[in-house]
Amino acid sequence: MNTPAAPAGPAQPWWLEAAPTRNAGLSQAEAQQALARFGPNSFEARKRQALLLQFLARFRNPLVLILLAASAVSALTGDLTNFTIILLIVLLSVALDFVQEHRANLAAQKLRESVALRASVLRDTHTQEVPVDELVPGDLVLLSAGDRVPADGRLLEARDFFVNQGLLTGESYPVEKRPGLLEPGATELQQALNAAFMGSTVVSGSARMQVMATGGATALGEVAHSIQAEPPPTAFEIGMHRFGMLLMRITLLLVLFVMLVNLVLHRPLLDSFLFAIALAVGLTPELLPMVVSVTLSRGAMRMAKRRVIVKRLASIQNLGAMDVLCTDKTGTLTEAKISLARCMDVDGRDTPRVLMLAYLNSVFESGLRSPLDEAILARPVDISAWQKIDEVPFDFERRRVSVLVDRGDARWLVVKGAPEDVLALCSRREQDEGRSMVPLDTAAREGLRERCHGLEREGLRVLGVAWREVPADHLHADVRDESDLVFAGFAAFIDPPKVGASAALAALAKSGVAVKIVSGDSELVTQHLCTLLKLPVKGVLTGQEIAHMDEAALRARVGHTTLFCRVNPAQKNRIVLALKARGYVVGYLGDGINDAPPLRSADVGLTVDSAVDVAREVADMVMLDHDLAVLHEGVLEGRRTFGNVMKYIMMGTSSNFGNMLSMAGASVFLPFLPMLPTQILLNNVLYDLSEAAIPLDRVDASDLRRPRTLDMGFIQRYMWLFGLISSAFDALTFWILLRVLHADEALFHTGWFIESLVTQVLVIFVIRTRGRPWASRPSAVLTAASLAVVALALLLPFTPLGPLFHFEPPPAIFFAWLAGMVLAYLVLVEGAKRFFYARMTTHKNSRRA
């Protein structure tokens, strides 16, 4: 097998070695052997933990470990009943969490793999598409414009091959790469002009590369700890962490308080310890990660049915919270079926000469062809007499492309690009179909600009076409040759608005999402499109204006600007960052090389499956249909996901907090523990079983109308109000049990266990909606799970398991009293809920005022 030696510790860089004689690629068998030898082409271990090890990892939770230790102490003291119950409950709780989250992760992983990057390689003498992480040293990779270089390798063939390797070297501009031997002193990456490195982006041209290093052995692998690190946490993830920490702090305080009280009252140390730990488990949101994971994964699967693939689960919530969407117009707001409408000379007459020059430029351009090039090439011209000599590829700073062509009797540099940029390089203009040339004076230059603007006001996209003759011995073209040009005329293109785009924009606006167009196109063309789509334009900024703004000035303007036109990639990124700095949740939709920086910077990056590799790699979601209507459905799905997560949070901050506060308070004045540790754990597991169905619940239409973010102030106020209401109601329950029903310890435990579980489960039907509970229908699964847990709580004392948990059957009057208590509690919570939301609305309106 002709594969390179392992790259570890070479005497000199491999790019200084002679190129191999073999140029046919590997066989499939050789590739499999190399994969086993060198490992996958990734920076992360491919092997996943066995399911058993993943399950056992759940027991690293400190509270779970403490519970297991407590059960062991119970066994050693002879209390086998407590040992068995605690062990079974802990196993059930951990298993519930593991199974749900494992299923969610598997589903999400399958979705991510469906849009994984692939590379074009030569194996068994045939070109194949293989996953990037299956590349091995010795593979021959075929690269073209828009690709992400998938590994480090030596170039065997290259044609006008320019790459952007700034990720590794910091170079601002693309670098041309060519095969061949280098001088012995070329030991730095910047000097390795015959090699391409993982992480670089192909800007133009094509090449065949032999892979020399993969995975951690690449140049990028040396800095993979920073480049491949997990993205920074989103606002949603930060909010989840803060919420968990808030409850943990409260839990710690309550546990310490309960332990202190029981020690002062000289109660049995083991019982007090188990009670305190059970109290902590009851308050800790142990199901929160599972609920979030399952809810987000379910959202991802529902979005997959709408042909949107989610690569990063947390981005679903970001999509729902998005209040600004930045998008290009081509293919999103327009049909992307661009056709060449006119080719006119400097006098405004249609002429085949401008078409011929534009065709020469497009047919010989080796970079990533734009839809404008495809429209030109759809109008064939006989150029058989011409051959290409060299090229100056397109870049987003110059906004033009030049090709050097030869006909035998003439050698021309033909330039095509943004009209104002091309005009600025011209000193002459054609007359009489190119048979004569005259100087391009100021008046003529202004007249051409006005003619271009007239075409743009009609909604046509315009390119300027120019040329110059060069000596016959001029073999290479560079940027310096783009001067003293002869302006030939304009090529004008039409791209009609997409059917349904106007309705989609109106739907997004109605849902509280402002659409901003970020385009390299003219402001006149873009404004014309906005008129057709009925998109109100509040303000316009051009790339030239942005270039003269500092960050503070840009932040002041972005919120009131709808159109950003003639912008380059760096300016697109500045716009996204400025919007985020203003507090907006920003989505960015793009599919080109120039969209990679803003896609990475946005709160949620969106692209399409036909996008270039680098765009698909950094995006959070991949849309299989380039359609804003699909995106609007994704926004609503994100809000459904967030709504269901919030239901769990509100349940945890009302019922759980109130019950645990009541237990801590009751332990002060009761002569016995208000609930036994095993009863607390059982209560918690049954409650978790009912809440596990929350991800499957319906979400009210009112919760889908506006973006929502995780507001810790809202959560804390909600927790204190409803937690105290729950605690006050518990106090009333204690008084009735002790003074009215004269309950002993066993009946007290039984009565409060049933009452607390029934009320905190049934209150979900009140809390799950901001409106009237009877007007919002819950899902059948949530209803069935909740009612099943309630029925189990009512029947448990009458089953053989009742004595095991120290329950005794309550008298009949208890259930009559319970029905009244539950009804009163639900009515009280409903009234408090309306009061709370009314106050929150007033508070929010006063802040806006």
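## Exercises on sheets, helices and cysteines

Strand 9 (residues 324-327) and strand 21 (residues 586-589) run parallel and pair over 4 bridges. Keep in mind that this is a predicted model.

**Exercise 1. Work out which residue of strand 21 stands opposite Leu325, and place the two strands in their sheet.**

Start with the pair itself: Leu325 sits opposite Gly587 in strand 21. Now zoom out. The sheet is open and has 8 strands, in the order 8-23-22-21-9-18-20-19, with mixed pairing. Next, look at the edges. Strand 8 (308-310) and strand 19 (540-542) each have a single partner strand, so one side of each has no neighbour in the sheet. From one strand to the next, the twist averages 20 degrees. Finally, add what packs on the sheet: helix 19 (residues 569-581) touches strand 9, strand 18 (514-518), strand 20 (563-565) and strand 21. The direction of helix 19 makes about 160 degrees with that of strand 21.

**Exercise 2. Find out how strand 1 (residues 118-123) is paired, and whether it is enclosed or open to the outside.**

Take the partners one at a time. With strand 2 (residues 126-131), strand 1 pairs in the antiparallel sense over 6 bridges; here Ser120 has Glu129 as its bridge partner. The hairpin of these two strands has 2 residues between them, and Asp124 takes a positive phi near 55 degrees. Then there's strand 3 (residues 140-144), which runs antiparallel to strand 1 and is joined to it by 3 bridges. In that pairing, Val121 is matched with Val141. Last step, burial: 5 of the 6 residues of strand 1 are buried, so the strand is largely enclosed by the rest of the structure.

**Exercise 3. Classify the packing of helix 10 (residues 314-321) against helix 22 (residues 628-669).**

First get the geometry: the axes are 7 Å apart and the angle is about 110 degrees. Angles of 65 to 115 degrees count as roughly perpendicular, so helix 10 is roughly perpendicular to helix 22. Now the contact. Helix 10 brings Ile316, Gln317, Leu319 and Gly320, which meet residues of helix 22 including Leu631, Gly634, Arg639 and Phe642. Sorting the residues of this contact gives 5 nonpolar, 5 polar and 2 charged.

**Exercise 4. Say how many disulfides there are, and whether Cys426 and Cys452 are buried or exposed.**

The cut-off to apply is a pair of cysteine sulfur atoms within 2.5 Å. By that rule, the count is 0 disulfides. For the second part, compare relative accessible areas with the 20% limit for buried. Cys426 comes out at 4%, so it is buried, and Cys452 is buried too, at 5%.

Definitions and conventions
Residues numbered from 1 in each chain as written. Predicted model: local features only at pLDDT ≥ 70, side-chain atom pairs only at ≥ 80, totals over all residues. Heavy atoms only, no water. Buried < 20%, exposed > 50% of the residue type's maximum accessible area, 1.4 Å probe, protein only. Axes fitted to C-alpha atoms, helices over the stretch in contact; angles between N-to-C directions. Parallel < 35°, antiparallel > 145°, perpendicular 65-115°, else oblique. Contact = heavy atoms within 4.5 Å. Nonpolar A, V, L, I, M, F, W, Y, C, P; charged D, E, K, R; others polar. Pairing = 2+ DSSP bridges.
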